[in-house]
Amino acid sequence: MGRLNFSTKESAGLLLLCVCGALALSEVLAEQEGENLSGLSDNPDKAIFAVRENGTTCLMVEFAVKFLVPYDVLALNGIDLITEQASFTLPRGAEIEGICGSTESEIHISWKNNAYILRIYFSKEIREKAIEVWKINKIQFVYDTSETSYFINAYNPGKHTASTHKLSALVTPAGRSYVCLAQQTVTLISSDHQKGITVSMYDIQIQPFDIASDFMFSAPYKCITDQREHLEETLPLILGLVLGLIIIITLTIYHFHLKLTATQPQLPRDRSMYKNM
């Protein structure tokens with residue numbers, strides 16, 4: 001049986017082919033897909049999205065989102081420009097894509113044939129005392145002012161991209177999900193003449209890393225706003241209980257005082273009788 005002889009060039013080509021094949025295989029094995037679970041929510045404004053890797057949930061987002069986007073229209077005189085505001089919400093029927101990693105993850109939410117794309121980027125980091133946390137480090141929003149559902153008579157219509165700058169939002173201990181009923185607002189700067197785009201999220205539960213059970217959030221970490229509101233709700237009750245306890249203690253002490261004074265012998269008030277004896 002003859003030996004197969006490969007030149008150096010052929011060997012290098014074969015090695016490169018094997019490496020490319022291995023990388024392609026790893027990508028297939030780590031296939032990631034997005035799922036829209038919004039139908040599980042009774043809230044018509046709330047969307048639920050999940051990213052899965054190899055059949056296991058690796059990122060989940062549950063929230064309602066409102067956008068406020070300024071855009072230019074031509075004034076009636078046909079010369080001046082005036083600014084209008086387009087206000088709309090994230091639709092429940094949006095399409096989902098995502099990427100899961102050990103320290104960086106992201107989710108892309110698109111609708112109206114990619115006329116609108118919301119991209120949220122997450123990252124992990126180590127903070128003081130070796131505490132590991134995750135956060136949103138970037139939000140990007142692509143929108144098309146030529147899409148007339150929200151933008152009416154836009155001047156010079158076209159696609160624009162709005163992004164945050166050095167964002168650190170929704171900071172949460174690693175292994176837990178962020179929960180917040182209160183509205184969380186982020187401002188993005190648009191490529192359309194540096195206009196400010198407002199993205200408001202509320203009724204939120206998000207977890208981009210370390211999901212232990214499929215389609216299940218880990219233990220919640222409540223936002224400071226919700227904690228403060230909960231304290232404001234319970235504080236009057238606590239004060240009422242403390243005041244009631246003080247009143248009961250005061251009445252009890254007074255009751256025992258009356259009993260003690262009632263059992264002591266009473267001396268006659270007129271002591272002149274003792275002087276005459």
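Begin the tour by selecting Arg52, which at 10% relative accessibility counts as buried. The model open in the viewer is a predicted one, and each stop below should be read with that in mind.

**Arg52 and its partners**

With Arg52 still selected, add Asp214 and display both side chains, which meet in a salt bridge with an N to O distance of 2.5 Å. Colouring by secondary structure helps here, because Arg52 lies in strand β2 (residues 47-53) and Asp214 in the loop between β13 and β14, so that the pair ties together parts that are 162 residues apart in sequence. The two ends of this bridge also fall into separate accessibility classes: Asp214, at 35% relative accessibility, counts as partly exposed, whereas Arg52, at 10%, counts as buried. Next add Glu35 to the selection, since Glu35, Arg52 and Asp214 are linked in a network of salt bridges.

**The whole chain**

Before moving to the next site, zoom out and show the chain as a cartoon, in which three helices and 14 strands can be traced. Of the 277 residues of the chain, 35% count as buried. If contacts are drawn between residues at least 6 apart in sequence, 54% of them join residues at least 24 apart. Switching to a surface representation brings up an accessible surface of about 18,000 Å², of which 58% belongs to carbon and sulfur atoms.

**The disulfides**

Which cysteines should be selected next? A search of the whole structure finds two disulfides, and, when the bonded cysteines are numbered in sequence order, the pairing is 1-2, 3-4.

Select Cys58 and Cys100 for one of these disulfides, in which the sulfur atoms are 2.0 Å apart. This pair links distant parts of the chain, with Cys58 in strand β3 (residues 56-74) and Cys100 in the loop between β5 (95-99) and β6 (104-111), 42 residues apart. Looking along the S-S bond, the torsion is 75° and the link of Cys58 and Cys100 is right-handed. Both Cys58 and Cys100 are buried, and hiding the surface will therefore make the bond easier to inspect, given that buried stands for under 20% relative accessible area.

Then select Cys180 and Cys223, which a disulfide joins with an S to S distance of 2.1 Å. Here, too, distant parts of the chain are linked: Cys180 is in strand β11 (residues 177-180) and Cys223 in the loop between β14 (220-222) and α2 (224-263), 43 residues apart. The torsion about the S-S bond of Cys180 and Cys223 is about 65°, so this disulfide is right-handed. Cys180 is buried, with a relative accessible area of 0%, and Cys223 is likewise buried, with a relative accessible area of 4%.

**Two further salt bridges**

The structure holds ten salt bridges, and two others can be visited by selecting residues 124, 125, 127 and 132. Starting with Lys124 and Glu132, one finds their side chains meeting in a salt bridge with an N to O distance of 4.0 Å. Lys124, at 17% relative accessibility, counts as buried, while Glu132, at 34%, counts as partly exposed.

Moving on to Arg127 and Glu125, the side chains meet in a salt bridge with an N to O distance of 2.6 Å. Both ends of this bridge are partly exposed, Arg127 with a relative accessible area of 36% and Glu125 at 24% relative accessibility.

**The surface patch at Tyr155**

Turn the surface on again and select Leu74, Leu81 and Tyr155, which form a nonpolar patch with about 280 Å² of accessible area together. Where along the chain does Tyr155 lie? Tyr155 is found in the loop between β8 (131-144) and β9 (159-163). At 44% relative accessibility, Tyr155 counts as partly exposed.

**Last stop: Gln194**

Finally, select Gln194, whose place is in the loop between β12 (184-190) and β13 (196-207). Is Gln194 buried or exposed? At 57% relative accessibility, Gln194 counts as exposed, because the threshold for that class is over 50%. To close, draw a distance between the C-alpha atoms of Gln194 and Ala162, which are 8.5 Å apart in space and 32 residues apart in sequence.

Technical notes:
Residues are numbered from 1 along each chain as its sequence is written. This is a predicted model: local features need pLDDT of at least 70, side-chain atom pairs count only at pLDDT 80 or more; totals for chains, interfaces and linings use all residues. Side-chain values use heavy atoms; hydrogens and water are left out. Helices (H or I, at least four residues) and strands (E, at least two) are DSSP runs, numbered from the N terminus. Buried means under 20% relative accessible area, exposed over 50%, partly exposed in between (1.4 Å probe, protein chains only). Contact means heavy atoms within 4.5 Å. Accessible areas come from the Shrake-Rupley method with a 1.4 Å probe; for residues, only the protein chains shown count as cover. Patches are made of residues with over 30% relative accessible area and no salt bridge: like charges are joined within 9 Å, nonpolar side chains (Val, Leu, Ile, Met, Phe, Trp, Tyr) within 5 Å. A disulfide is a pair of cysteine sulfur atoms within 2.5 Å.
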